[in-house]
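Q: Got a minute to walk through this one with me? I'd like the domains first, then a few local details.

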Amino acid sequence: MSYSREEVKAITDKILNMAKADAVEVDFQGGERSATRYANSSITANLIEHDQQVSITVYYGQKSASTVTHQFDDASLKTAIEEAQILAKRKPDNPETMPLVKPPQNYVPVDAVIDRTVNFGPAERAAMVKKSLDICEKKGVVGAGYIPKLHWTTARANSEGLFSYFRYAEASFILTCRTPDGTGSGWAGQTGLKDVNLIDPVSITETAANKALKSQKPRAIEPGDYTVILEPRPAARFLSLLMTAMDARSAEEGRSFMSGAERGQTKVGQKLFGDNVTIKSVINHPVLRQSPIGEDGLAAQDVTWIEKGVVKNLYYSRYWAQKAGKAPTGTPPGLSMVMDGGTTSVEDMIKTTKRGLLVSFFWYMRPVEAMSILYTGMTRDGLFLIENGEITAPVQNFRWNETPVVGLNNISALGPPQPMHTGEAYDQPGTAMIPAMRIEDFTMTSVSPAV
């Protein structure tokens, strides 16, 4: 199911004509979510969901309320609009209410729909599963995989005449392999790709299966500070923690790591990280699919957040930008995150590591202390001891306590950036280009014996 620009505009125009208020906004979402799951050497589920919805927000001065409906017939839309109107009139004034974004907005042209990804269906996914399971059987491991596809349309319109439209398609392949005795586990995957042809199920399965076989019967070693090599998935999860601190309001109110010495000051312009840390938002990226539509319908734009360790920009929401006398950023820091990488492969990082750990996966990351961005989490699905340039043994998993404030100052090697989701889920927005990275003195606090 896909929605053309004309179809979506007809829907939003109808709602804007029906709604009577000082101001009206309409957010449209619709399309296909589908996936194939497999485990125990067979496909366990083929999932497909076709959905559509509009969120309708009405404003009376500084009062506002929203309702959502999945039905677009006149009666359903009228009911949703009337509910929003009744709720809005009961609400207290919100002094942070902003006027609607007005056209024109110069949206970056983004080609995010490739036909072969749109047509990536159960038959094509089953062919990938067959290739994967053949390797699992050959290597004597049990594979559990997830192959999601998202073909989605988003749009925003308002009573000032704004209309924005974006359609995209992406696919992923995620696999965990386990040994039959349950003592070995390995993870591998590629996520958030515009071009499904970039997915290599054979390579992914071989990587996950080999990790599972090599991680059997792990030995316990002492907690402490280790050199760690984070593959792209744990590196993406770790790096995402920093993006939570890039909000200008929190910084200027003295509530974040980016706060300056006095209230109202920030650390923009300060060198806080290593020379090899450069992080940007790149809207029209050749590999990632990213929306050109920013906050409230503003045009998203390329932003350099950190350049060679120096903080260059913080995120200013529309309200806080107006209060601070600045232009709104438009692009949230987690949107289209791209970190510059290097040329060192994971294999070469291992060869030049005297003693350390190769990390495949981070799990259950939770905040410990907000001001220092200190988090805790656990390793999973393949943790290996490196000694004198070689992997010498699987080791039991660790719980870790670390902050990107320290970690991004201790990067000693970077690999080429790879597409990888930054969040816990694999079929939601949040894909980034993240390199594998070697970090010195990463704190492992205790043994976590789960596989």
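**Two domains and their interface**

A: Sure. Keep in mind that this is a predicted model. Start with the contact: 42 residues of domain 1 are in contact with 36 residues of domain 2.

Q: Where do domain 1 and domain 2 run in the sequence?

A: The domain assignment puts domain 1 at 5–214 and domain 2 at 218–450.

Q: What separation do the domain centres have?

A: The centres of domain 1 and domain 2 are 24 Å apart, taken over C-alpha atoms.

Q: And how much area do domain 1 and domain 2 bury between them?

A: About 3,200 Å². Carbon and sulfur atoms account for 59% of that area.

Q: How many salt bridges are there between the two domains?

A: Two salt bridges are counted between domain 1 and domain 2.

Q: What about polar contacts across the interface?

A: The rule finds 13 residue pairs in polar contact there, with both residues at pLDDT 80 or more.

Q: Which elements of domain 1 touch domain 2 with two or more residues?

A: Four are listed: β4 (142–158), β5 (163–178), β6 (185–193) and α5 (201–214).

Q: Which one gives the most?

A: Strand β5, with 10 residues on the side of domain 1 that touches domain 2.

Q: What's the residue mix on that side?

A: By class, 21 are nonpolar, 12 are polar and nine are charged.

Q: Switching to salt bridges in general. How many does the structure hold?

A: The structure holds 19 salt bridges. One of them pairs D74 with K14, with the closest N and O atoms 3.1 Å apart.

Q: Why does the D74 and K14 pair tie together parts that are apart in sequence?

A: D74 lies in helix α2 (residues 74–90) and K14 lies in helix α1 (residues 5–18), so the pair links parts 60 residues apart in sequence.

Q: What does E231 pair with?

A: E231 forms a salt bridge with K211. Their closest N and O atoms are 2.5 Å apart.

Q: Now the backbone. Where is there a cis peptide bond?

A: A cis peptide bond joins P103 and P104, with omega at about 0°. P104 sits in the loop between α2 and α3 (115–118).

Q: Which residue other than glycine has a positive phi?

A: K308 has a positive phi, near 50°. K308 is in the loop between β9 (303–307) and β10 (310–311).

Q: Last topic, the whole protein. How many helices and strands?

A: The secondary structure comes to 10 helices and 19 strands.

Q: How does the radius of gyration sit against a compact globule?

A: It agrees: the protein has 24 Å, and a compact globule of 451 residues would have a value near 22 Å.

Q: And what box do the C-alpha atoms fill?

A: Roughly 70 × 60 × 35 Å, taken along the principal axes.

Methods:
Residues numbered from 1 in each chain as written. Predicted model: local features only at pLDDT ≥ 70, side-chain atom pairs only at ≥ 80, totals over all residues. Heavy atoms only, no water. Domains from an automatic or database assignment. Contact = heavy atoms within 4.5 Å. Buried area = accessible area lost by both parts, 1.4 Å probe. Salt bridge = Lys/Arg side-chain N within 4 Å of Asp/Glu carboxyl O. Polar contact = N/O pair within 3.5 Å; in protein donor to acceptor, adjacent residues only side chain to side chain. Nonpolar A, V, L, I, M, F, W, Y, C, P; charged D, E, K, R; others polar. Rg over C-alpha atoms; globule rule 2.2 N^0.38 Å.
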